[in-house]
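Subject: A structure for you to look through

Dear colleague,

I am handing over the structure we spoke about, and below it I have set out what was found, one region at a time. Please keep the structure open beside this email while you read.

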Amino acid sequence: QVQLVESGGGLVQPGGSLRLSCAASGTIFSIYVMGWYRQAPGKQRRLVAHITSGGSANYADSVKGRFTISRDNANNTMYLQMNSLVPEDTAVYYCNAVVSLGTAGPVLHWGQGTQVTVSS
């Protein structure tokens, strides 16, 4: 059983910053790619950024230069530093991870989401 738990969301003014965390726990052999997605009201869930176990990262064009994804492999934790936030960043942010349990093929897991609201 693998659980992903996001934290760090909240209400922030435009131009402000937030740092999201995603902690993975359970029976984990290794974690391959981890990612952040977001879903605004009435819209589809979209990729924000993802990062490999080696630290290679990719970002959606809308967040390049403002958001930074990172991970701590030793603690199975991923972060998203969000700077220069704008109202369009308002969404529920979800993390996911491709996890190997060691005995079967890798499985994609999702967290429950954390709300980020950017408003004055």
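Let me begin with Ser-84, which is found in the loop between β8 and β9, the latter strand covering residues 91-100. Please bear in mind throughout that the model is a predicted one. The phi of Ser-84 is near 50°, which is a positive value in a residue other than glycine. That deserves a remark because most residues other than glycine have a negative phi. With a relative accessibility of 42%, Ser-84 counts as partly exposed, since that class lies between the limits of 20% and 50%.

Asn-76 gives a second case of this kind, as its phi is positive, at about 50°, although it is not a glycine. You will find Asn-76 in the loop that runs between β7 (67-72) and β8 (77-82), and its relative accessible area of 23% makes it partly exposed.

The aromatic rings come next. How many aromatic pairs does the count come to? The count comes to 1 aromatic pair, and its members are Tyr-37 and Trp-110, whose ring centres are 5.1 Å apart. The planes of these two rings stand at 65°, so the pair is edge-to-face, a label that is given to planes over 60 degrees apart. Tyr-37 belongs to strand β4 (residues 30-39) and Trp-110 to strand β10 (residues 107-110), so the pair ties together parts that are 73 residues apart in sequence. Both rings belong to partly exposed residues, with Tyr-37 at 23% relative accessibility and Trp-110 at 35%.

Trp-110 also has a charged partner, for the charged end of Arg-45 sits over its ring at 4.7 Å from the centre. In a similar arrangement elsewhere, the charged end of Arg-19 sits over the ring of Tyr-79, and here the distance from the ring centre is 4.0 Å.

Another tyrosine to look at is Tyr-32, which lies in strand β4 and is partly exposed, with a relative accessible area of 38%. Which residues is Tyr-32 in contact with, leaving aside its neighbours within four places in sequence? They are Ile-51, Thr-52, Ser-53, Arg-71, Val-98, Ser-100 and Pro-106. For one of these contacts, Ser-100, there is also a distance to report: its C-alpha atom is separated by 7.6 Å from that of Tyr-32, although the two residues are 68 residues apart along the chain.

Strand β4 appears again when we turn to the largest pocket, because β4 and β5 (46-51) each supply at least two residues of its lining. The largest share of that lining, 3 residues, comes from β5. About 200 Å³ of space lies in this pocket, and 14 residues line it, of which Arg-38, Ala-40, Lys-43, Arg-46 and Glu-88 lie nearest its centre. By character, the lining residues divide into 6 nonpolar, 4 polar and 4 charged.

Three further residues may help you to find your way around the chain. Is Val-12 buried or exposed? At 11% relative accessibility, Val-12 counts as buried, since the limit for that class is under 20%. Val-12 is found in strand β2 (residues 10-12), and leaving aside its neighbours within four places in sequence, it is in contact with Ser-17, Leu-18, Leu-85, Thr-117, Val-118 and Ser-119. By contrast, Ile-51, which is 39 residues away from Val-12 along the chain, is separated from it by 25 Å between C-alpha atoms.

Asn-58 lies in strand β6 (residues 57-59) and is partly exposed, with a relative accessible area of 43%. Leaving aside its neighbours within four places in sequence, Asn-58 is in contact with Val-48, Ala-49 and His-50, while its C-alpha atom is separated by 9.6 Å from that of Thr-68, 10 residues apart from it along the chain.

Finally, Ser-62 has its place in the loop between β6 and β7, where it is partly exposed, with a relative accessible area of 45%. Ser-62 and Asp-89 are 27 residues apart in sequence, and from C-alpha to C-alpha they are 9.1 Å apart in space.

With best wishes

Conventions
Residues numbered from 1 in each chain as written. Predicted model: local features only at pLDDT ≥ 70, side-chain atom pairs only at ≥ 80, totals over all residues. Heavy atoms only, no water. Phe/Tyr/Trp six-rings, centres within 6.5 Å; stacked < 30°, edge-to-face > 60°. Helix = DSSP H or I, 4+ residues; strand = E, 2+ residues; numbered from the N terminus. Buried < 20%, exposed > 50% of the residue type's maximum accessible area, 1.4 Å probe, protein only. Lys NZ or Arg CZ within 6 Å of the ring centre and 35° of its normal. Contact = heavy atoms within 4.5 Å. 1 Å grid on protein atoms, 1.4 Å probe; cavity = no way out; pocket = protein on both sides within 12 Å on 5 of 7 lines; lining within 4 Å. Points joined across faces, edges and corners; volume = space filled by probe spheres on them. Nonpolar A, V, L, I, M, F, W, Y, C, P; charged D, E, K, R; others polar.
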